[in-house]
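Trainee: I should like to take a close look at a single strand and its partners. Could you describe that part with care, and then place it beside other parts of the chain?

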Amino acid sequence: MSAKAITEATGKDILNRHLNQHGAGAATCRFATVNADTDWSKLSVDHPWLLNTPLVVKPDQLIKRRGKLGLIGVKKNFEQVKQWIGERINKDQKIGNAVGKLRNFIIEPFVPHTEAEEMYVCIYSHRTADTILFHHQGGVDIGDVDAKAVKLEVPVDSTLTLADVQSKLLKAITDTANKERIAKFIYALYNTFADLYFTYLEINPLVVTADSLYILDLAAKLDSTADFICRPKWGDIEYPPPFGRDAYPEEAYIADLDAKSGASLKLTILNRNGRIWTMVAGGGASVIYSDTICDLGGAAELANYGEYSGAPSEQQTYEYAKTILNLMTSSPKHPEGKVLITGGGIANFTNVAATFQGIITALREFQPKLVEHNVSIFVRRAGPNYQEGLRRMRDFGSTLGIPLHVFGPETHMTAICGMALGKRPIPQVASVEFSTANFLLPGGQQAQADLKSDAEVSSNGRWPLRSSTAKTIKLPPISADESDGLAANNHQHQSNGAKLNFNRKFFSNTTKAIVWGMQQRAVQSMLDFDFICRRDEPSVVAMVYPFTGDHKQKYYWGHKEILIPVYKKMSDAIHKHKEVDVMVNFASLRSAYDSTLEVLEFPQIRTVAIIAEGIPENMTRKLIIEANKKGVAIIGPATVGGVKPGCFKIGNTGGMLDNILHSKLYRPGSVAYVSRSGGMSNELNNIISKATDGVLEGIAIGGDRYPGTTFMDHILRYQSDPETKLIVLLGEVGGTEEYDVCAALKDGRITKPLVAWCIGTCASMFTSEVQFGHAGSCANSDRETATAKNKALRDAGAYVPDSFDTLGELINHVYSELVKTGRIVPREEVPPPTVPMDYSWARELGLIRKPASFMTSICDERGQELIYAGMPISEVLNKDVGIGGVISLLWFQRCLPSYCCKFFEMCLMVTADHGPAVSGAHNTIVCARAGKDLVSSVVSGLLTIGDRFGGALDGSARQFSEAYDTNLHPMEFVNKMRKEGKLILGIGHRVKSINNPDVRVKIIKEFVMENFPQCPLLKYALEVEKITTNKKPNLILNVDGVIATAFVDMLRNCGSFTSEEAQEYINVGAINSLFVLGRSIGFIGHYMDQKRLKQGLYRHPWDDISYVIPEQYN
């Protein structure tokens, strides 16, 4: 939802900070807020006026007409206010049908005034303008504001003037001075309204006294999608739930997940103790499922409303499912058990298998509780990879221990609601449909033949009716319309004051488009659609992406690869591709406005599809005005787009190729539809393909309050198109656009048969207001309810089913009548060309396999959380395992004992650096002074590590362990090495000696002796040291030797490794890794030191080089 109500306190706080900046001349609103946690003594200190001023107190919970309800206490002192609140706080209050507890209150100073000084001001936004209402008499008894108040419309593309306010709104104000003051206030209030993206702002009363203007009662809504613009001015906003519905922490958790995700995740708890729980994919589908449950008598038991859509990840779906299952199983058991309806339409781009895996993980976690609560689960879903998703769900269901029924697109979308509520029999074996035509799942050959016969059945007008519903549908006779739409050919639809000619076809089989954004998957989907429609050329000719330079991207055109240019600038793309007339805009909600405005400057663009959801409403309204001025049609925002079968599709519309083939979208049919919901447009494709000869064109206008083009814009196009024989409208609760359709049916502008249904009929059955998945799907009056719209459409002559459940049957009835009367000649089926399946998708479906190029067993970054050797990164941090623990996980794939981790960390510290003179540090310094970057400089130092510098750890470990393992006496080992002419690695130091010991060696040795369970190899090395130091004092066990031998002791004796594993780590060079990692710290330090000291290029001095040149040949 975009327009969200705020508390009175929040609204007054915003106005306090911004209203007078516009010259309102209003008194600052003084107020204090109270809830159950309020410290009254602190409150009186923070607001001293509470103790010496008459007060007004009222609940602040989005309750309308508080005065009429007796919920305002007037002219009370501080103690009386405390008593008044104490009598009401946390007590049940019934308002209309809603029952809720009063929890939040607002206290304000009482403003002495007369009734004559009370006035009414309200500003609200709608599609074409902002409306200002003013009445010179305000207060509790104002009555019917719409009938009494003076209205002033401020069109979207214009500004308000003081003169307009005075001349048009304030005619009833006779006092000149007051008139000027009020005009300035309204002028400032409107500018604040517009600047801060309010959508509704009502003040009743506005008290105008001789000394000031006072805002007494205030109600307001903000456009929450403008948060990225207005947050610095708004501050942090909390949007309270409507009265009668408490804010649950689970709702806040899902809202937080939603805010952090590119997907859409919504949850509203209606009845925590309810029996019927839903987990529905898609904004439109979620409303339809709620409608159906309520239609079947389940309103009182419906526990929640919610939806997940927009391709959430497996982890996000798991979190969503886990939240719902926790709610479901933490409430009291129900004697009839509980049901979970996991439904959805046919997805456009969400990977069904991935989301189902998240749900399965949650179900597995809650399995004992689900059994305990006697839960039955009903699943219906389709879309990309749905076959694999349903298979996984079926396989898992056989082990769950509770009933789990799984269905795909062969089952009507809402049929599982009737099954769950016992109103419809549960089929024992579902007739599973397989992908059609070109790429089939194993066993799909016969299914394809069955589908072909199904297609023939539907094209002949036969629909498998349920006997119960066949009797309830009464189909009026369809009058023959010989003109076939010609009556509307000369019609110009008036939209926002601009005459728009919608006779033109938006798309054809030669339409060319530019795509804004690097949407490779969507572009490939459009090209595949073009190919199966047998287009001669691809519809996408260019892409625009301002974050890279001009280049070309590779795509498939059928079996071959093609290149599509990508431009940094829109102007370059337009000028180089004059044939383009459509732009598909995948820009984010932050940049969609600017990128669309830019493309509107180019006259060749006639249609723009805006995919982004959450564009602020003020921006959308301005785009609509600009587009209408230029005669450009906007589809969206918040849409998946649209499809013209056989010609063109926008982005991800229609979903994967298998669904496009299954819904026969590769060739035109006779039915055109318009819907708000993108997800439901895909379901309509499925329904229409089963009930008729297919779709001619389908548009999803978008779920926002102000779609760029309306239902009427498209219905009148369909009316004008001779190829359109039947029109389908899927409206929804909220807004009044469907009444324009009613008017057109009555006045004869629409003569073709129209089948219509408005979703959201359940809204009237809820005791508190529920905002559904789309921003525009919220009724602000009885006229905007889905029930009222369906009745009006039926009365106007549209064919309206009893519910969405019977929509397909009614469409088939009307279609059959059209076939009987000869108005429709069913289209012949034409097999589409073969399109190869992409490798990545074939692998996803499990149809192919190939050896992986790499294998890894230490880390996995694919999920929601990074995993180190099986341990989530959050656990790594929470357990404070340290860098030693991370080394144990990533190097050794296990959590080693704490003393091992401490040993690693000590080794890193003592090996981090040994001064600038050693070869590694020297190289790093020389590179840094030569102007090289950090990586190059550090690598130059690391490349010097070997047997002579730092790399002796592995060799030392090998020599000492071999000697110890073959039972050589230390003296025998020393003699053997001398006889072979080999140095004992790990023995000897240039500076340190037995008389000047290396402190580093001492510290490590003492730690190992004290903490390791056994250290035989270190003790063996110390015995060797005794022999070598007798020969020469500096032949001590050095840092390399003590680390190497201690490391071997750790591998062999810590209990975490087998002897084979320990030897393998010695052989692969694992011990030297400690020196490499440790010394990298020092090399980085030397690099940063040289840069900080701004040292110049190093040149070695001549006097430090001995030049040995051969004598000159004579």
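Mentor: In this predicted model, Val57 of strand β3 has Gly73 in β4 as its bridge partner. Strand β4 covers residues 73-76, and 2 bridges join it to β3 in an antiparallel arrangement. Strand β3 also pairs with β7, which spans residues 105-109. That pairing is likewise antiparallel and extends over 5 bridges. Within it, Val56 is placed opposite Glu108 of β7.

Consider next how β3 is covered. In a regular strand, side chains alternate between the two faces of the sheet. In β3, Leu55, Val57 and Pro59 belong to one side, while Val56 and Lys58 belong to the other, and all of these residues are buried. Buried here stands for a relative accessible area under 20%. Because 5 of the 5 residues in β3 (residues 55-59) are buried, the strand is largely enclosed by the rest of the structure.

For the wider setting, the domain assignment gives domain 1 as residues 3-234, domain 2 as 249-424, domain 3 as 638-829, domain 4 as 855-895 and domain 5 as 896-1093. The centres of domain 3 and domain 4, taken over C-alpha atoms, are separated by 52 Å.

Another set of paired strands is an open sheet of 6 strands, in the order β30-β29-β32-β31-β33-β34 and with mixed pairing. Its edges are β30 (648-649) and β34 (754-759); each has a single partner strand, so one side of each lacks a neighbour in the sheet. Inside that order, β31 (residues 671-675) and β33 (residues 726-732) pair in the parallel sense, with 5 bridges. Tyr673 stands opposite Val728 of β33. Helix α25, residues 786-796, lies across β33 and β34, and runs at about 165° to β34.

A UniProt record, an unreviewed entry, places the feature "domain: CoA-binding" at residues 506-615. In the model, that stretch is 25% helix and 29% strand, and its end C-alpha atoms lie 24 Å apart.

The backbone also deserves attention. Most residues other than glycine have a negative phi, and most peptide bonds are trans. The bond from Asn204 to Pro205, however, is cis, with omega near 5°. Pro205 is located in strand β11, residues 198-208. Gly636 and Pro637 are also joined by a cis peptide bond, with omega about 0°. Pro637 sits in the loop between β28 (633-635) and β29 (642-644).

Two residues other than glycine show positive phi values: Asp880, near 55°, and Gln893, near 60°. Asp880 occupies the loop between α28 (873-878) and α29 (882-892). Its relative accessibility is 65%, so Asp880 counts as exposed, the cut-off for that class being over 50%. Gln893 is in the loop between α29 and α30 (898-911). With a relative accessible area of 36%, Gln893 is partly exposed.

To return to the strand you asked about, β3 has antiparallel pairings with β4 and with β7, and both of its faces are covered.

Conventions:
Residues are numbered from 1 along each chain as its sequence is written. This is a predicted model: local features need pLDDT of at least 70, side-chain atom pairs count only at pLDDT 80 or more; totals for chains, interfaces and linings use all residues. Side-chain values use heavy atoms; hydrogens and water are left out. Domain bounds come from an automatic or database domain assignment. Two strands pair if DSSP finds at least two bridges between them. Helices (H or I, at least four residues) and strands (E, at least two) are DSSP runs, numbered from the N terminus. Contact means heavy atoms within 4.5 Å. Axes are lines fitted to C-alpha atoms, for helices over the stretch in contact, and angles run from 0 to 180 degrees between N-to-C directions. UniProt positions are given in the numbering used here, feature names are shortened, and annotations may be inferred rather than shown by experiment. Buried means under 20% relative accessible area, exposed over 50%, partly exposed in between (1.4 Å probe, protein chains only).
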